[in-house]
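Please work through the exercises below with the sequence and the structure at hand. Each one sets a task and is followed by a solution in steps.

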Amino acid sequence: MVTGDRGILLDIVKGVCLTVVLFVAYLQVPLLGIGAGVVAPLPVLFYQLKWGRWVVGVSVVFVTALILVLIGGPSVAMLYLIQAGLLSVVLSHFLARGYSFSRALASAVLTVAVVAAATVSGYGIVKGIDLHGQVTGAIRTNLEQTITLYTARGATGDDLQFLKEGLEQVGALFGQIYPAMLLVTLVSVAGINLFILRRFRDRLTVKLPDATLSSFRNPEHLVWGVIVAGFALLVDNHVVQAAALNVIVVAGFLYFIQGIAVVAHFFAAYTVPAFFRMFFYVLLVLQAYLALAVALLGLFDLWADFRRPRIRKNL
């Protein structure tokens, strides 16, 4: 073997070890393991783009899946492939083809979503399983466990009734929009990994785009999807309303990201100290109304173009 081949083989081994550790931590460690699950695609992204060869990423994913089959069975391996493995390979592929961050992310997420939907639907048909019923049943079970927990802690009377009614409404809503929430989660995972990957761009063979978050902008025609979905909510049909809700959730998230981009632009333009930036982002996580305001900011940026350079005239 030449030195290059040894280097590739060594990086494949490193990628497998890192990915297995991250995914096992995601499955076994409560709460903190969520962070490990989010960055599970990162080793494949890094090593595939480091060498500029898709075979590196595919090898890491394939060997990792085999190890996960031995550790936790086929279901764990399938979870990895859908949640991290396929995403990391196709995202690297689109970046290697010279796509922009937003285009590569969108292409990769749509590819994974289509493959995952086809795989899950096919499995359900072959096994004769009502997957939608199982998902909604799991949501209902979790809500019932929450009610039982609060009852054990002494909640009674009107407070308990108010809690039950509220959780029933939340359960009904999540039973309709969980496809959109899964898609939003996939976009978030891909975006976080791209953000981290940019810090290693000097070590990659594939040159990453120079675009930053503050330059992100949704396609202008996305607003028509929101308008059509809004009118579709008025249709007295459960399926149409559920589809419209999912469109609104995904579009709302995309406009939220555009709102964040506008905020990041102003933070950079006015040199806002890091402490106040961090305080704003923490508040954004804790305060739902602020998140809604940021999403509206992203939507109105379509017309106001808040990041357009302003020309100052001297009087």
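**Exercise 1: A leucine and its surface patch**

Leucine 296 is partly exposed, with a relative accessible area of 38%, where buried means under 20%, exposed over 50% and partly exposed in between, using a 1.4 Å probe and protein chains only. The model is predicted, and local features need pLDDT of at least 70 while side-chain atom pairs count only at pLDDT 80 or more, although totals for chains, interfaces and linings use all residues. Residues are numbered from 1 along each chain as its sequence is written, and side-chain values use heavy atoms, with hydrogens and water left out.

Task: state in which helix leucine 296 is found, and which residues make a nonpolar surface patch of about 620 Å².

Solution. Begin with the helix: leucine 296 belongs to helix 12, residues 288-304, helices being DSSP runs of H or I with at least four residues, numbered from the N terminus. Next, turn to the patch, which is made by Tyr289, Leu292, Leu296, Phe300 and Trp303. Patches of this kind take residues with over 30% relative accessible area and no salt bridge, nonpolar side chains (Val, Leu, Ile, Met, Phe, Trp, Tyr) being joined within 5 Å and like charges within 9 Å. The accessible areas come from the Shrake-Rupley method with a 1.4 Å probe, and for residues only the protein chains shown count as cover.

**Exercise 2: The surroundings of aspartate 301**

Task: decide whether aspartate 301 is buried or exposed, and find which residues it touches beyond four places in sequence.

Solution. First, place the residue: aspartate 301 is in helix 12, and with 0% relative accessibility it counts as buried. Second, list its contacts, meaning heavy atoms within 4.5 Å: leaving out residues up to four places away, aspartate 301 touches Arg217, Gln258, Val262, Phe306 and Arg307. Third, look at the side chains, where aspartate 301 makes a polar contact of 2.7 Å with arginine 307; a polar contact is a pair of N or O atoms within 3.5 Å, of which, within protein, one must be able to donate a hydrogen and the other to accept it, and residues adjacent in sequence count only if both atoms are side-chain atoms. Fourth, aspartate 301 forms a salt bridge with arginine 217, with the closest N and O atoms 3.3 Å apart, a salt bridge being a side-chain nitrogen of Lys or Arg within 4 Å of a carboxyl oxygen of Asp or Glu. This pair links distant parts of the chain, since aspartate 301 lies in helix 12 and arginine 217 in the loop between helix 8 and helix 9 (222-232), 84 residues apart.

**Exercise 3: Arginine 217 and its network**

Task: find what joins aspartate 305 to arginine 217, and name the residues linked in a network of salt bridges.

Solution. Start with the pair, whose side chains meet in a salt bridge of 3.4 Å, N to O. Aspartate 305 lies in the segment after helix 12 and arginine 217 in the loop between helix 8 and helix 9, so the pair ties together parts 88 residues apart in sequence. Then compare exposure: arginine 217 counts as partly exposed at 40% relative accessibility, and aspartate 305 is partly exposed at 22%. Finally, the network links Arg217, Asp301, Asp305, Arg307 and Arg308.

Aspartate 305 also has a phi near 50 degrees, a positive value in a residue other than glycine. Most residues other than glycine have a negative phi.

**Exercise 4: A salt bridge between two helices**

Task: state how many salt bridges the structure holds, and describe the one between aspartate 11 and lysine 50.

Solution. The structure holds seven salt bridges. In one of them the side chains of aspartate 11 and lysine 50 meet at 2.8 Å, N to O, and the pair links distant parts of the chain, aspartate 11 in helix 1 and lysine 50 in helix 3, 39 residues apart. Aspartate 11 is buried, with a relative accessible area of 3%, whereas lysine 50 is partly exposed at 25%. Leaving aside neighbours within four places in sequence, aspartate 11 is in contact with Tyr47, Lys50 and Trp51.

Key:
Helix = DSSP H or I, 4+ residues; strand = E, 2+ residues; numbered from the N terminus.
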